[in-house]
Amino acid sequence: SVQILHTEGVVHTEARSGKLGIEDITGNVTVVARSGSVQIEDVRGDVTVEARSGRLRVRRVQGAVQTDSRSGSVEVEGVAGTARIIASAGSVSASDVEGKLLIRSRAGSVRYRGRILQDADIEAHAGSITLAVDPDFPFFIDAESSVGSVRSDLPPRRGDGAPPEGGPKVRLRSHAGSIRLTRAD
């Protein structure tokens, strides 16, 4: 396994096999991992990860996050900037993204939990989508499933009216799975 800790500056690493841990970095992080789990935490900069096989976990990033995973689960949590998450085979779990959010999953379920502050575009080709949100932060929703149900546990917004002009837009698409909107715990 490889551990990179408490570093100020740009981090670029390539790992062929085994566990890779990166933590407490001031600067941008770029990782190419061929096999094995990758865990990246507490980065004051941007994170770019290409993972071919294994679990990928990215937490507490003050910049933008971009991931591309071929096989294995992807978890992204606590991103101050934008997040672009691409997964070919494996589940995707994201939470608390403050910037724009784009998730594409070829085969696996997608779950997002947290406030919606910017536009979000989530698509699961063969899998379900669950959006657990804070209803105190309004947004426009466009949800569609080709084969599967679309269900909301949230009541229609009343009183304060629609989200403000130019408010966040959320696009959800599932080709072979259900879509569910619910309240974040």
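So, strand S12, residues 101-107, and strand S14, residues 120-126: these two run parallel, and six bridges join them. If you want a spot to look at, take Ile-103, whose bridge partner in S14 is Ile-122. Before I go on, keep in mind that this is a predicted model.

Stay on S14 for a moment. What does S14 pair with over five bridges, in the parallel sense? That's strand S18, residues 169-176. Here you can find Asp-121 standing opposite Arg-171 in S18.

Okay, zoom out. These strands belong to an open sheet of nine strands, and the order is S2-S4-S6-S8-S10-S12-S14-S18-S16. The pairing is parallel. At the edges you've got strand S2, at 11-15, and strand S16, at 140-147, and each of those pairs on one side only. From one strand to the next, the twist averages 5°.

Further along that sheet, have a look at strand S6, residues 47-51, and strand S8, residues 65-69. They run parallel too, with five bridges joining them. Thr-48 is the residue to click on there: Gln-66 in S8 stands opposite.

Now for the other sheet. How many strands does the open sheet that starts its order with S1 have? Ten, in the order S1-S3-S5-S7-S9-S11-S13-S15-S19-S17, and again we're looking at parallel pairing. Its edge strands are S1, covering 2-8, and S17, covering 150-152, each pairing on one side only. Neighbouring strands in this sheet are turned by 5° against each other on average, if you ignore direction.

Let me pick one pair from it. Strand S11, residues 92-97, and strand S13, residues 110-114, run parallel and are joined by four bridges. Ala-94 stands opposite Tyr-112 in S13.

Hang on to Tyr-112, as it takes us to the cavity. The structure holds one cavity of 30 Å³ or more, and there's about 40 Å³ of space in the largest cavity. So which residues line the largest cavity? Tyr-112 is one of them, and then you have Val-97, Gly-99, Leu-101, Arg-115, Ile-116, Leu-117, Gln-118, Asp-119 and Ala-120. By class, that lining comes out as six nonpolar, two polar and two charged residues.

Arg-115 deserves its own slide. Besides being on the cavity lining, Arg-115 has its charged end sitting over the ring of Phe-137, 5.0 Å from the ring's centre. And what about rings with rings? The number of aromatic pairs in the structure is zero.

To wrap up: we have two open sheets, one of nine strands and one of ten, both with parallel pairing. Then there's one cavity of 30 Å³ or more, and Arg-115 over the ring of Phe-137. That's it from me, happy to rotate the model if anyone wants to see a particular spot.

Note on methods
Residues are numbered from 1 along each chain as its sequence is written. This is a predicted model: local features need pLDDT of at least 70, side-chain atom pairs count only at pLDDT 80 or more; totals for chains, interfaces and linings use all residues. Side-chain values use heavy atoms; hydrogens and water are left out. On a 1 Å grid over the protein atoms alone, a cavity is a set of points where a 1.4 Å probe fits but cannot get out, and a pocket is an open set with protein on both sides within 12 Å along at least five of seven lines; lining residues have an atom within 4 Å of a point. Grid points are joined across faces, edges and corners, and a volume is the space filled by probe spheres set on the points. Ala, Val, Leu, Ile, Met, Phe, Trp, Tyr, Cys and Pro count as nonpolar, Asp, Glu, Lys and Arg as charged, and the others, Gly among them, as polar. Rings of Phe, Tyr and Trp (its six-membered ring) pair if their centres lie within 6.5 Å; planes under 30 degrees apart count as stacked, over 60 as edge-to-face and the rest as tilted. A charge sits over a ring if NZ of Lys or CZ of Arg is within 6 Å of the ring centre and within 35 degrees of the ring normal. Two strands pair if DSSP finds at least two bridges between them. Axes are lines fitted to C-alpha atoms, for helices over the stretch in contact, and angles run from 0 to 180 degrees between N-to-C directions.
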